[in-house]
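The exercises below are meant to be worked through with the sequence and the model side by side. Try each task before reading its solution.

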Amino acid sequence: MRYEAPNTTKEAAALLAKEKGQAFVLAGGTDLIVRMRLGMTEPDLVVDIKNIASMQGVTRTATGTRIGAATSGAVLGENKALIKAWPGVVEAVNLIGSDQIQSRCTMVGNLCNASPAADSVPAMIAAGAKAQIVSPKGRRTVAVEKIVTGPGQTSLKKGELIESITLPKPLPRSGDAYLRFIPRTEMDIAVVSAAVSLTLERGVVKKARVVLGAVAPTAVIVPAAAKAIIGTKLDDAALEKLAKACSDMCNPIDDKRGTIEYRTKVAGVLGKRAAKIAFQRAGGS
Amino acid sequence: MAGVHISTTINGDMVEFACPQDETLLNSLRDRVGLTGVKEGCGTGDCGACSVTLDGRLVCSCLVLSAEVNGRNITTVEGMSEEGKLHPLQEKFIEHAALQCGICTPGFLVAAKVLLEDNPKPSEEEIRYALAGNLCRCTGYDKIVRAVQAAGKEMRKKRR
């Protein structure tokens, strides 16, 4: 294995594009190094992106917030402005692993590892996050929901890597939330998860996005769940409709951590609860 | 495989070593630098026995490549005592019998030190969350939590 730590995104993309063998991006290493140690992956080239200045840190832009791809979960959790703007996104990222893992793990790594149960992904999608992709040929920006195509699979082509994630500036009276169900209190992988982002107008839900995790091969947007609460003050009838829409969208696996029936039911429950928290954060009552 | 030459600061000392490019920091610390206080438990970032700090942040050294630490600053359990005097956490772990077989202890000590530096008076819940990445299979967590609380108290007294 060859280890490279370039100083620019362009160099990183060139290294990845040129490599004939298996090439991987190394950010926090909390998935990649585990796979290497278990013998599941034998990289020929590892490109560490942490020495690239444009991949580090959180910056405010004219249209929102830009998060460098190598920024750790711990750094995001210390950013008060980001927590204020997108509390659901930050709480989702901070649910990944222990403090030890938080020191290293990244949102983009969580995205590109492409686990159906990735915590930060539903929250990013609900928030309308976009990924800036760089390759030797240029740049493109795509919505986060276009990145993961299946378990362990992404739409990134050879030589492409994500440089940053951008989150829009939240509209006034907006709130977001992320919840996951695990059988213990900490340190586990989501059995079901739900992210909701919404905006109020005169106390009524004007815009909403509901996204589920761990109940299908990728995170899924549930347009019918959003529709169920738009135009309401999140009354019980609207919440029941949202829950049903969430359950209807589920296509989960059946395993020892949760049966199909269980995951399908809990998706509705978590959808409702996340919507209530987002509503409260948006100032609704 | 070509190796890498690493020059880094460990517990305040400049250290140099050479290793393969895919070697983990855990293996380099134990086998090349001789810091065997860093333990290997799971090797996959779940148990925290290999906890060290990297530029002040708590990490599992099994999930760090040595190639990444050139020019960085690392501390291990060996760096906790000063001039032969144990750190209050070490003293309280002994006093409260917060260890049995001892494999997890270095990781707990390093993690607890990071916690107390950041939060000098953590609640029991905060301690349990902060140490959730460290697993103990024999003493149990209660004594460990009590020892961390006692060490926090001791450290706050000294600071006054």
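Two residues are in contact if their C-beta atoms, placed from the backbone, lie within 7 Å. This is a predicted model, in which local features need pLDDT of at least 70 and side-chain atom pairs count only at pLDDT 80 or more, while totals for chains, interfaces and linings use all residues. Residues are numbered from 1 along each chain as its sequence is written, and chains are lettered from A and ligands numbered from 1 in the order in which they are written.

**Exercise 1. Describe the overall build of chain A.**

Solution. Begin with the secondary structure, where helices (H or I, at least four residues) and strands (E, at least two) are DSSP runs numbered from the N terminus; chain A has 11 helices and 14 strands. Next take the extent: along its principal axes, the C-alpha trace of chain A spans about 60 × 45 × 35 Å. The radius of gyration is taken over C-alpha atoms, and the globule rule is 2.2 Å times the number of residues to the power 0.38. For 285 residues a compact globule would have a radius near 19 Å, and chain A agrees because its radius of gyration is 19 Å.

Then consider burial, for which a residue is buried if 20 or more other C-beta atoms lie within 10 Å of its own, exposed if 12 or fewer, and partly exposed in between, with C-beta atoms placed from the backbone. By this rule 53% of the 285 residues in chain A are buried. Finally, of the contacts in chain A between residues at least 6 apart in sequence, 64% join residues at least 24 apart.

**Exercise 2. Work out how the two domains of chain A meet.**

Solution. The bounds, which come from an automatic or database domain assignment, give domain 1 (56–168) and domain 2 (190–281) of chain A. The centres of these domains, taken over C-alpha atoms, are separated by 21 Å. Their contact takes 18 residues from domain 1 of chain A and 18 residues from domain 2 of chain A. On the domain 1 side, the elements that give two or more residues are α5 (87–94), α8 (120–126) and β8 (148–150) of chain A, and the largest share, five residues, comes from α8(A).

To classify residues, count Ala, Val, Leu, Ile, Met, Phe, Trp, Tyr, Cys and Pro as nonpolar, Asp, Glu, Lys and Arg as charged, and the others, Gly among them, as polar. The domain 1 side that touches domain 2 in chain A then has 13 nonpolar, three polar and two charged residues.

**Exercise 3. Characterise the contact between chain A and chain B.**

Solution. The contact takes 21 residues from chain A and 24 residues from chain B. On the side of chain A, β1 (2–4), α2 (32–37) and α6 (99–102) each supply at least two residues, and α2(A) makes the largest share with four residues. Sorted by class, the residues on this side of chain A are nine nonpolar, six polar and six charged.

**Exercise 4. Trace the pairing of strand β1 in chain B.**

Solution. Two strands pair if DSSP finds at least two bridges between them. Strand β1 (residues 3–10) of chain B pairs with strand β2 (residues 13–20) of chain B in the antiparallel sense over eight bridges, and within this pairing B:Val4 has B:Cys19 in β2(B) as its bridge partner. The hairpin of β1(B) and β2(B) has two residues between the strands, and in it B:Asn11 takes a positive phi near 50 degrees. With strand β5 (residues 73–75) of chain B, β1(B) pairs in the parallel sense over two bridges, and B:Thr9 stands opposite B:Asn73 in β5(B).

**Exercise 5. Which residue in the loop between α7 (107–112) and α8 of chain A has its place where a positive phi is found, and is A:Ala114 buried or exposed?**

Solution. A:Ala114 has its place in that loop, and its phi is positive, about 60 degrees, although it is not a glycine. Most residues other than glycine have a negative phi. A:Ala114 is buried, because 21 other C-beta atoms lie within 10 Å.

For a second case, turn to B:Asp55, in the loop between β3 (51–54) and β4 (57–60) of chain B. B:Asp55 is not a glycine either, yet has a positive phi of about 50 degrees, and with 13 other C-beta atoms within 10 Å it is partly exposed.
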